[in-house]
Amino acid sequence: MKIPLVDLQSQYASIKAEVDSAIQQVIDRTAFIGGEGLELFEAEFAAFCEAKACVGVGNGTDALSLALRALGIGAGDEVITVAHTFIATTEAISMTGAQPVFVDICEDTMLMDPGKIEAAITPRTRAVLPVHLYGQPCDMDRILDIARRHHLKVVEDAAQAHGARWKGRRTGTLGDVACFSFYPGKNLGAYGDGGAVVSNDETLIQKIRMLANHGRLDKYTHEMEGVNSRLDGLQAAILRVKLRRLDGWNAARCRHAARYAGALRDVGVVLPAVNPNAEHVWHLFVIRSRERDQLQVRLKDKGVATGVHYPLPLHRQPAYRHLNLKPGSLPVTERVASEILSLPMYPELTEEQTAFVARAVAGV
Ligand SMILES: Cc1ncc(COP(=O)(O)O)c(C=O)c1O
């Protein structure tokens, strides 16, 4: 048996007729940029997030940088985030002219440690940017409490957490603004690049809509200089087809996660911890092992593909050498990065496949 880390082909096969027809309709109407399909998707995705407003943008990285810009964050400002994430999180901060400031993560959930935030706040701090990594929301009660007391904005990086909930509320409504990626492998993935910003602040979303479309409200009036970062008509049409299935797909991921957790309970690996206040959507199922590299090779030999998200924390990346953060400066982040292994996770996995993966991990 060969089991990939993600399988976009089996998903396409299950929705082919609907997706093909949605694509053809966009081409027939030549509605490539903007238009009704995009507006419908934005309304439907806002409703899915149980939020007031949504704007589609070119990708998740732009979603983050435009949200930060719209909040007035720029040169001279600092934004507190984690180093255990994809580089897009901090690229977006740097794109505004601000500087990322890293805090460590919690040992169990591998998410931002709220207990580390206050020590990182300086007179330049303007925002906290928690990353709901792997599909699990961060501890938003504690993060919001600190942010409110210090008059900081909270920008959620929800690129991996479409549909996840914290105390019953969906990502997208937990902070001031939330940013999503529709990169193909995400829980809601386009057939190319795409992203969205969601918020209950309709004025803020309107500002992001302007920034993402050359700073204009109408065709020939530019209120400000913006960028070109729009979700295109084809992607919106495909995403509308897929959004209707997202709750079902997330539920399937939860079933696979429960099966993995049951089968791997006593095999000597650390299982992912879920905060009791969180409803995880399992973008990735990440186990930990001190013998991670050997385990990854053993799984590969048995036909099981795995990944490491992410092997080198951002503060140790060459791109951030100017921050001069030495090894040991974020001890939990560094330890976790050397031990994590992502197992195959996608809605279409079968029971037979999850059992096969679990047996391969257990070495039987
Ligand atoms: C945590 C995180 N933030 C931001 C991004 C950026 O999204 P995109 O690739 O759509 O720019 C991604 C995904 O790639 C991500 O995983």
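Trainee: Hi! Jumping right in: in which sense do strand E2 and strand E4 pair, and over how many bridges?

Mentor: Hello! This is a predicted model, so keep that in mind throughout. Strand E2, residues 78-82, and strand E4, residues 125-128, pair in the parallel sense, and three bridges link them.

Trainee: Which residue is the bridge partner of Val-79 in E4?

Mentor: That would be Ala-127. On the E5 side, Ala-127 stands opposite Lys-153.

Trainee: And how many bridges join E4 to E5?

Mentor: Two, and these strands run parallel.

Trainee: What about E2 and E3, how do they pair?

Mentor: E2 and E3 also pair in the parallel sense, with five bridges between them. One of the matches is Val-82, whose bridge partner in E3 is Val-103.

Trainee: What is the strand order of the sheet they belong to?

Mentor: The order is E1-E9-E8-E5-E4-E2-E3, an open sheet of seven strands with mixed pairing. Strand E1 (53-57) and strand E3 (99-103) stand at the edges; each has a single partner strand, so one side of each has no neighbour in the sheet. From one strand to the next, the twist averages 30 degrees.

Trainee: Which helix packs on that sheet?

Mentor: H3 does, and the strands it touches are E1, E2, E4, strand E5 (153-157), strand E8 (177-181) and strand E9 (195-199). The direction of H3 makes about 160 degrees with that of E8.

Trainee: Back to E3 for a second. How many of its residues are buried?

Mentor: Four of the five residues of E3 are buried, so the strand is largely enclosed by the rest of the structure.

Trainee: Changing topic: what is the order of the three-strand sheet?

Mentor: That open sheet reads E7-E6-E12, and its pairing is antiparallel. Strand E7 (169-170) and strand E12 (278-279) are at the edges with a single partner strand each, so one side of each is left without a neighbour in the sheet. Strand E6, residues 165-166, pairs with E12 in the antiparallel sense over two bridges. There, Trp-166 has Ala-278 in E12 as its bridge partner.

Trainee: Now the bit I care about for docking. Which residues come nearest to the ligand?

Mentor: Gly-60, Thr-61, Ala-88, Ala-159 and Ser-181 come nearest, out of 15 residues around the ligand.

Trainee: Which helices each supply at least two residues of that shell?

Mentor: Helix H3 (60-70) and helix H4 (88-95). H3 is also the helix that packs on the seven-strand sheet.

Trainee: How do the shell residues divide by chemistry?

Mentor: Eight are polar, five are nonpolar and two are charged.

Trainee: Nice. Zooming out, how many helices and strands does the chain have?

Mentor: The chain has twelve helices and 14 strands.

Trainee: And how does the radius of gyration agree with a compact globule?

Mentor: A compact globule of 364 residues would have a radius of gyration near 21 Å, and the chain has 20 Å, which agrees. Along its principal axes, the C-alpha trace spans about 65 × 55 × 35 Å.

Trainee: What share of the residues is buried?

Mentor: Buried residues account for 49% of the 364 in the chain. As for contacts between residues at least 6 apart in sequence, 71% join residues at least 24 apart.

Trainee: Great, thanks!

Technical notes: Residues are numbered from 1 along each chain as its sequence is written. This is a predicted model: local features need pLDDT of at least 70, side-chain atom pairs count only at pLDDT 80 or more; totals for chains, interfaces and linings use all residues. A residue is near a molecule or strand if its C-beta atom, placed from the backbone, lies within 6 Å of it. Ala, Val, Leu, Ile, Met, Phe, Trp, Tyr, Cys and Pro count as nonpolar, Asp, Glu, Lys and Arg as charged, and the others, Gly among them, as polar. The radius of gyration is taken over C-alpha atoms; the globule rule is 2.2 Å times the number of residues to the power 0.38. A residue is buried if 20 or more other C-beta atoms lie within 10 Å of its own, exposed if 12 or fewer, and partly exposed in between; C-beta atoms are placed from the backbone. Two residues are in contact if their C-beta atoms, placed from the backbone, lie within 7 Å. Two strands pair if DSSP finds at least two bridges between them. Axes are lines fitted to C-alpha atoms, for helices over the stretch in contact, and angles run from 0 to 180 degrees between N-to-C directions.
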